Amino acid sequence: MVSSEVHQPAESWVDVPGVSDLPKGEIVTTRVAGEFIAVCNADGVVRAFRDECPQCALPIGGGRLLGDLLWCAGCAEPFDVPAGGVGRKRARFRLAARSLTVSGGTARIALSA
C-alpha cells in the first residue's frame with residue numbers, strides 16, 4: 001500500500017540575541033545555524049531574510065534601509081520589506097524570508113529540520 005500523506009518538515013526555533021529591540025531604520029546581520037541572516041526594522045516592521053540579494057548575490061545586509069525599502073548595495077534593487085522582500089523594480093526578484101518572532105524581549109528565527 002502506498003501512502004499519499006505528505007509530511008511537513010518540523011521547525012525548531014533559535015534565539016537571536018541583539019535584534020528584539022532593533023531601532024527603526026536599522027539592519028543587523030547575524031549567523032544562525034551556519035546561515036547568514038539580515039534582520040531589519042522597516043518603519044516598525046521587523047523581518048528576517050537570507051543575507052543574499054537574489055539578483056546580484058551580494059549580502060543584502062550591507063544595503064540601506066529607507067522607509068519600508070531595503071536597497072541592495074550591489075545592484076541598487078529596492079526590496080519591499082513589509083511585503084515580504086519582493087523587488088520593487090523587478091517583482092521576479094524576492095528576498096528569501098525567514099520566519100521571525102519577537103516576544104517578551106526575545107527574538108527567535110525558525111529553522112526547518
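**View 1. A search of the whole structure turns up 0 disulfides.** A disulfide here is a pair of cysteine sulfur atoms within 2.5 Å. Take C53 to start: its sulfur sits 3.7 Å from the closest cysteine sulfur, the one in C75, and that's too far for a bond. C72 tells a similar story, with C56 holding the closest cysteine sulfur at 3.5 Å, again too far for a bond. Are C53 and C72 buried or exposed? C53 is buried, at a relative accessible area of 1%, and C72 counts as buried too, at 4%. (Buried means under 20% relative accessible area, exposed over 50%, and partly exposed in between, using a 1.4 Å probe and protein chains only.)

A quick note on all the views: this is a predicted model, where local features need pLDDT of at least 70, side-chain atom pairs count only at pLDDT 80 or more, and totals for chains, interfaces and linings use all residues. Residues are numbered from 1 along each chain as its sequence is written, and side-chain values use heavy atoms, with hydrogens and water left out.

**View 2. The whole chain has 11 strands and 0 helices.** Helices (H or I, at least four residues) and strands (E, at least two) are DSSP runs, numbered from the N terminus. Of the 113 residues, 35% count as buried. The accessible surface comes to about 6,600 Å², and carbon and sulfur atoms account for 49% of it; areas come from the Shrake-Rupley method with a 1.4 Å probe, and for residues only the protein chains shown count as cover.

**View 3. Strands 2-3-4-9, in that order, make an open antiparallel sheet.** Two strands pair if DSSP finds at least two bridges between them. Strand 2 (27–32) and strand 9 (97–98) are at the edges with a single partner strand each, so one side of each has no neighbour in the sheet. Strand 4 (residues 45–50) is joined to strand 9 by 2 bridges. Which residue of strand 9 is the bridge partner of A48? Look for R98.

**View 4. Another open sheet of 4 strands runs 5-6-7-8, with antiparallel pairing.** Its edge strands, strand 5 (64–66) and strand 8 (86–87), each pair on one side only. Strand 6 (residues 69–71) and strand 7 (residues 78–80) are antiparallel and share 3 bridges; in one of the pairs, W71 has P78 of strand 7 as its bridge partner.

**View 5. D80 is an acidic-side-chain close-up within strand 7.** D80 counts as buried, with 11% relative accessibility. A polar atom of its side chain lies 3.1 Å from the backbone nitrogen of A83. Leaving out residues up to four places away in sequence, D80 touches D68, L69, G85, V86 and R88. (Contact means heavy atoms within 4.5 Å.)

**View 6. The largest nonpolar core has 14 residues.** A nonpolar core is a set of buried Ala, Val, Leu, Ile, Met, Phe, Trp, Tyr and Cys residues joined through side-chain atoms within 4.5 Å. C40, I60, L65, L70, F79 and V81 touch the most other members. Strand 3 (residues 35–42) supplies the largest share, 3 residues. A second, separate core has 10 residues, including L22, V39, I109 and L111. Back in the largest core, I60 contacts A38, R50, D51, E52, C53, L70, C72, F79 and L95, leaving aside its neighbours within four places in sequence.

Note on methods:
A polar contact is a pair of N or O atoms within 3.5 Å; within protein, one must be able to donate a hydrogen and the other to accept it, and residues adjacent in sequence count only if both atoms are side-chain atoms.
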